[in-house]
Amino acid sequence: MRIAFFDAKPYDRPSFDRHGEANGITFKYLEAKLNEDTVGLARGYDGVCAFVNDTVDRPVIDRLGEMDIRVLALRCAGFNNVDMQYANGRLHVLRVPAYSPYAVAEHTMALLLTSIRRIHKAYIRSRDFNFSLSNLTGFDLHGKTVGVVGTGRIGRVFIDICRGFGMRVLAYDKYPAPDLDSGDTIRYVELDELLADSDILSLHCPLTEDTYHLIDAAALERCKKGVVLLNTSRGALVDAEALLEGIKSRRVGAACLDVYEEEGDLFFEDNSGHILEDDVLARLISMPNVIVTSHQAFLTEEALENIAETTVGNLLTFAKNGQCPNEVCWRGGRTEDCKNGTCF
Ligand code: NAI
């Protein structure tokens with residue numbers, strides 16, 4: 001089987017080569033992101049493999065169909081970059097539902113600690129032999145309240161980590177997990193209460209119509225003054241312009257962002273020699289209390305290994321059975337795990 005692998009990076013290759021070679025799958029690594037202009041590169045291949053910033057919209061789905069390509073293997077969990085409604089009946093969409101919730105949850109805590117203990121400032125100072133402690137005062141996490149939006153795989157690991165620090169947890173989820181609420185140190189509450197009572201707010205829900213700009217100007221207005229916002233989920237959960245205003249007005253005490261709404265053309269690439277056109281991102285990055293990483297939370301050896309193993313497994317299962325438990329599809333107005341391929 002030959003697969004066109006879009007938006008390929010050097011760190012993708014070792015694990016995909018290893019699992020591909022062991023299972024008779026050849027990956028053609030293409031640096032281009034998948035979109036309407038590049039989809040033609042997939043001609044002659046049996047399927048395509050795509051990542052978070054590839055665009056699988058109607059024109060791309062139509063062109064794949066014309067080239068008789070019926071399977072898209074996403075090497076990520078989220079599928080907000082795929083027009084799932086249009087893909088229904090045209091393209092089988094396979095994904096990696098979980099590869100390492102620890103990678104993302106641990107990165108979230110790394111960002112939080114870096115921010116509130118000013119490690120990013122101290123690191124630069126000590127490299128310049130500046131050992132002054134002025135303006136490096138942080139605060140203890142112990143006893144603070146963290147609000148976790150989305151208590152799925154990653155949110156739950158993050159909650160465990162926060163509990164290790166002695167934090168109180170408020171949780172909000174559209175579909176709460178009955179076993180999670182201890183009534184004491186972890187409590188499900190409505191979103192408004194979570195916003196009002198949290199010292200730290202961490203987003204771990206998917207990007208959907210419901211969650212687009214979940215954190216906008218009105219939500220920030222309901223937050224505690226000085227709240228620390230963590231977003232390692234999807235950029236468009238946060239209205240970046242409202243966040244910038246919140247930082248300027250001091251309502252937001254700090255923000256740590258691994259994702260950004262307009263990251264598509266920027267993240268994963270070296271733009272250091274270019275003039276950044278995005279004024280909101282440039283201004284956010286210029287703030288002393290904002291830390292931005294470029295969609296890096298997933299990037300651990302363990303996660304890369306699991307992503308390659310599951311993606312290859314998905315392609316093999318699909319080739320053998322014409323269906324795959326990790327297929328997602330559009331049914332009754334929402335996207336869900338397909339399990340048996342019956343809704344294609
Ligand atoms: P999951 O599917 O296990 O959990 C998501 C949770 O969000 C579920 O409990 C679900 O009920 C909840 N949810 C759905 N709609 C909601 C709403 N409207 N309001 C509140 N909660 C809602 O997903 P997982 O694996 O925990 O991943 C979470 C997100 O993390 C993904 O959707 C993805 O966007 C992001 N992610 C980011 C990565 C990175 O490198 N920065 C890597 C992997 C995932």
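# A walk through the helices

Start by selecting helix 2, residues 58-66, where the buried residues are Val60, Ile61 and Leu64. Now look straight down the axis of helix 2: its buried residues fall within an arc of 100°, so they line one face of the helix. Keep in mind as you go that this is a predicted model.

What do the buried residues of helix 2 pack against? Show strand 3 (47-50) and helix 3 (84-87), and you have found their packing partners. Before leaving, click on Asp68, which follows helix 2 and has a positive phi, near 65°.

**Next stop: helix 11**

Select residues 301-321 to bring up helix 11, which has 21 residues. From its first C-alpha to its last, helix 11 reaches 30 Å, close to the 30 Å expected at 1.5 Å a residue. Colour Ala303, Leu304, Ile307, Ala308, Thr311, Val312, Asn314, Leu315 and Phe318, the buried residues of helix 11. They lie on the same side of helix 11 because they cover an arc of only 155° around the axis. Turn to the other side of helix 11 and pick out Glu301, Glu302 and Lys320, which are exposed. After helix 11 comes Gly322, and its phi is positive, near 75°.

**Add helix 1**

Leave helix 11 on screen and add helix 1, residues 13-22: the two axes come within 9 Å and cross at roughly 35°. The crossing of helix 1 and helix 11 is right-handed. Which residues of helix 1 meet helix 11? Select Ser15, Phe16, Arg18, His19 and Gly20; their partners in helix 11 are Leu304, Glu305, Ile307, Ala308, Glu309, Thr311 and Val312. The residues of this contact between helix 1 and helix 11 divide into five nonpolar, four polar and three charged.

Step back along the chain to Asp12, in the loop between strand 1 (2-5) and helix 1. Is Asp12 buried or exposed? Its relative accessible area is 6%, so Asp12 is buried. Leaving aside neighbours within four places in sequence, Asp12 is in contact with Phe5, Asp7, Arg75 and Leu304.

**Strand 5 and a loop**

Now go to Leu94, found in strand 5 (residues 92-94). Leu94 counts as buried because its relative accessibility is 0%. Setting aside neighbours within four places in sequence, the contacts of Leu94 include Val71, Leu72, Ala73 and Leu74, and also Asn314, Leu315 and Phe318. To try your distance tool, join the C-alpha atoms of Leu94 and Ser286: they are separated by 39 Å, with the two residues 192 apart along the chain.

Another contact of Leu94 is Asn326, so select Asn326 next, in the loop between helix 11 and strand 13 (327-331). Apart from neighbours within four places in sequence, Asn326 is in contact with Val93, Leu94, Arg95, Pro97, Thr310 and Asn314. Asn326 and Arg75 are 251 residues apart along the chain, and their C-alpha atoms are separated by 11 Å.

**Last stop: helices 9 and 10**

Finish with helix 9 (residues 240-248) and helix 10 (residues 279-286), whose axes come within 10 Å and cross at roughly 35°. The crossing of helix 9 and helix 10 is left-handed. Show Ala240, Glu241, Leu243, Leu244, Ile247 and Lys248 in helix 9, then Val280, Arg283 and Leu284 in helix 10, which they meet. The residues of this contact of helix 9 with helix 10 divide into six nonpolar, no polar and three charged.

How values were computed
Residues numbered from 1 in each chain as written. Predicted model: local features only at pLDDT ≥ 70, side-chain atom pairs only at ≥ 80, totals over all residues. Heavy atoms only, no water. Axes fitted to C-alpha atoms, helices over the stretch in contact; angles between N-to-C directions. Helix = DSSP H or I, 4+ residues; strand = E, 2+ residues; numbered from the N terminus. Left-handed = near helix turned anticlockwise from the far one by under 90°. Contact = heavy atoms within 4.5 Å. Nonpolar A, V, L, I, M, F, W, Y, C, P; charged D, E, K, R; others polar. Expected span 1.5 Å × (residues − 1). Buried < 20%, exposed > 50% of the residue type's maximum accessible area, 1.4 Å probe, protein only. Arc of directions from axis to C-beta.
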